Amino acid sequence: YAKKKQGMAIQVFNSTLLKAFKDDAEIERDLNLAIRGRQFELYYQPLRDLQSKSYIGAEALIRWHHPKRGIMYPGAFIDIAEQTGLINSIGSWVLEAACKQLYLWQHRNIDMSMHVNVSARQFFGGNLYEQVWDLLTRYRIKPKTLILEITETELMEDIRYATNLCQELADLGVGLAIDDFGTGYSSMRYLKQFPISKLKIDRSFISDLNISRQSQEIVSAIIAMAKALNISLTAEGVETAEQERFLADNLCHQAQGFLYSPALREADFARFIEADKPVMLH
Ligand code: C2E
Ligand code: MG
Ligand code: MG
Ligand code: MG
């Protein structure tokens, strides 16, 4: 019986694994067509300033309109894109699309900063600096309104290279944010070494903020540290008014999360921002 059970377990494991492989291969194949087929779209999630109580920026989040599978979230394909190197062309498309949008906003006097996620392969791939320089020049964007997000773990892959590139990007005037802060191996030493302009506290610390004393202490400590280092701070994944209150009371600068809005298509984002503007009294 044990043997039979074991055999079954292996069979189940194999067919699951096989399906996963086939799925990945299919996604890889489809990803190859996705850029040329204009199947990607950037959605924008608003970032709220907790002191001025207004929206000051957006994070660009990629969505894939798959012809058969429907809308796909980055969790389902970014890793595959990263492993196969396709992330380089996807990442270039994302940067260009985000900068084009930023240009359009600045043209329409919509005063927003744009946060763009950059993957490790893109960061260490060799031409991120040239690409950003080219985009800033072509779209005449105010450099400080573009903020590149990278995770601590990614930065740590090659500290010397990362330090140089971060410095070059900072010299261009663009902002650098550490994404998912608190989940990787960050060392205080590197926070000082990298010219970082912003930290984004990972949402795992925010989700249990109102029940976990420990998360409260961690978040307070991160806020104090960011303040001491003069780095701006965004809390990710804010879903409740209580979480917002804790963050505002503790002087966290900005918040992002479903409490305000999920990522929206551009037209919806623009309407959302417009609707939030204080009504002018004559
Ligand atoms: P991230 O950079 O940490 O982005 C935040 C993620 O949290 C987004 O998921 C967003 O929709 C989600 N989120 C925002 N507020 C809340 C909330 O209140 N509650 C919960 N539960 N979730 C919230 P999304 O769009 O699925 O993206 C997942 C990850 O994929 C991103 O995490 C980012 O690392 C990566 N990603 C997204 N777009 C791109 C891209 O254009 N390029 C690269 N390289 N990576 C991307
Ligand atoms: Mg991010
Ligand atoms: Mg990210
Ligand atoms: Mg994050």
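Visitor: When does a residue count as buried, and is E59 buried or exposed?
Guide: A residue is buried when its relative accessible area is under 20%, and exposed when that area is over 50%. In this predicted model, E59 has 4% relative accessibility. That value falls under the cut-off of 20%, so E59 counts as buried.

Visitor: Which residues coordinate the magnesium ion (ligand 2)?
Guide: The donor atoms lie 2.0 to 2.4 Å from the magnesium ion (ligand 2). Along the chain, their residues follow the spacing E-x57-N-x31-E-x29-D. The protein donors are E59 (OE), N117 (OD1), E149 (OE) and D179 (OD).

Visitor: How many residues apart in sequence are the parts that E59 and D179 tie together?
Guide: Both E59 and D179 are among the donors of the magnesium ion (ligand 2). E59 belongs to strand β2 and D179 to strand β6, so the pair joins parts of the chain whose separation in sequence is 120 residues.

Visitor: Which residue bridges the magnesium ion (ligand 2) and the magnesium ion (ligand 3)?
Guide: These two ions lie 3.2 Å apart. One of the donors of the magnesium ion (ligand 2) is an OD1 atom. The bridging residue is N117.

Visitor: What coordinates the magnesium ion (ligand 4)?
Guide: The spacing of the donors along the chain is D-D-x55-E. The coordinating atoms are at 2.0 to 2.5 Å, and E236 is listed with two OE entries. The donors are D179 (OD), D180 (OD), E236 (OE) and E236 (OE).

Visitor: Which residue coordinates both the magnesium ion (ligand 4) and the magnesium ion (ligand 2)?
Guide: The two ions are 4.0 Å apart. The residue in question lies in strand β6 (residues 175-181), while E236 lies in the loop between β8 (232-235) and α11 (241-249), so the pair ties together parts 57 residues apart in sequence. It is buried, with a relative accessible area of 7%. The residue that coordinates both ions is D179.

Visitor: How much of ligand 1 does the protein bury?
Guide: Ligand 1 is surrounded by 20 residues, the closest being R63, N117, D179, E239 and F258. Polar side-chain atoms of D180 and E236 lie 3.1 Å and 3.3 Å from an oxygen atom of ligand 1, and a polar backbone atom of I62 is 3.2 Å from a nitrogen atom of ligand 1. Taken alone, ligand 1 exposes 800 Å², and the share buried by the protein is 81%.

Visitor: Which kind of aromatic pair do W64 and F77 form?
Guide: W64 lies in strand β2 and F77 in the loop between β3 (70-72) and α2 (78-84), so the pair links parts 13 residues apart in sequence. The ring centres are 5.3 Å apart and the planes stand at 80°. Planes over 60 degrees apart count as edge-to-face, so this pair is edge-to-face.

Visitor: Which residues form one aromatic cluster with W64?
Guide: The structure holds twelve aromatic pairs. In one of them, F40 and W64 are tilted, with 5.9 Å centre to centre and 50° between the planes. F40 is in strand β1 (residues 40-49) and W64 in strand β2 (residues 54-66), and both are buried. The residues in one cluster with W64 are F40, F77 and W93.

Visitor: Where does the charged end of R63 sit?
Guide: Elsewhere, R48 lies over the face of Y55, at 4.7 Å from the ring centre. For R63, the charged end is 5.5 Å from the centre of the ring it sits over, which is the ring of Y43.

Note on methods. Residues numbered from 1 in each chain as written. Chains lettered and ligands numbered in written order. Predicted model: local features only at pLDDT ≥ 70, side-chain atom pairs only at ≥ 80, totals over all residues. Heavy atoms only, no water. Donors = N, O, S within 2.8 Å, 3.2 Å for Na, K, Ca; no water. Helix = DSSP H or I, 4+ residues; strand = E, 2+ residues; numbered from the N terminus. Phe/Tyr/Trp six-rings, centres within 6.5 Å; stacked < 30°, edge-to-face > 60°. Buried < 20%, exposed > 50% of the residue type's maximum accessible area, 1.4 Å probe, protein only. Lys NZ or Arg CZ within 6 Å of the ring centre and 35° of its normal. Near = heavy atom within 4 Å. Polar contact = N/O pair within 3.5 Å; in protein donor to acceptor, adjacent residues only side chain to side chain. Areas by Shrake-Rupley, 256 points an atom, 1.4 Å probe, with all protein chains shown as cover.
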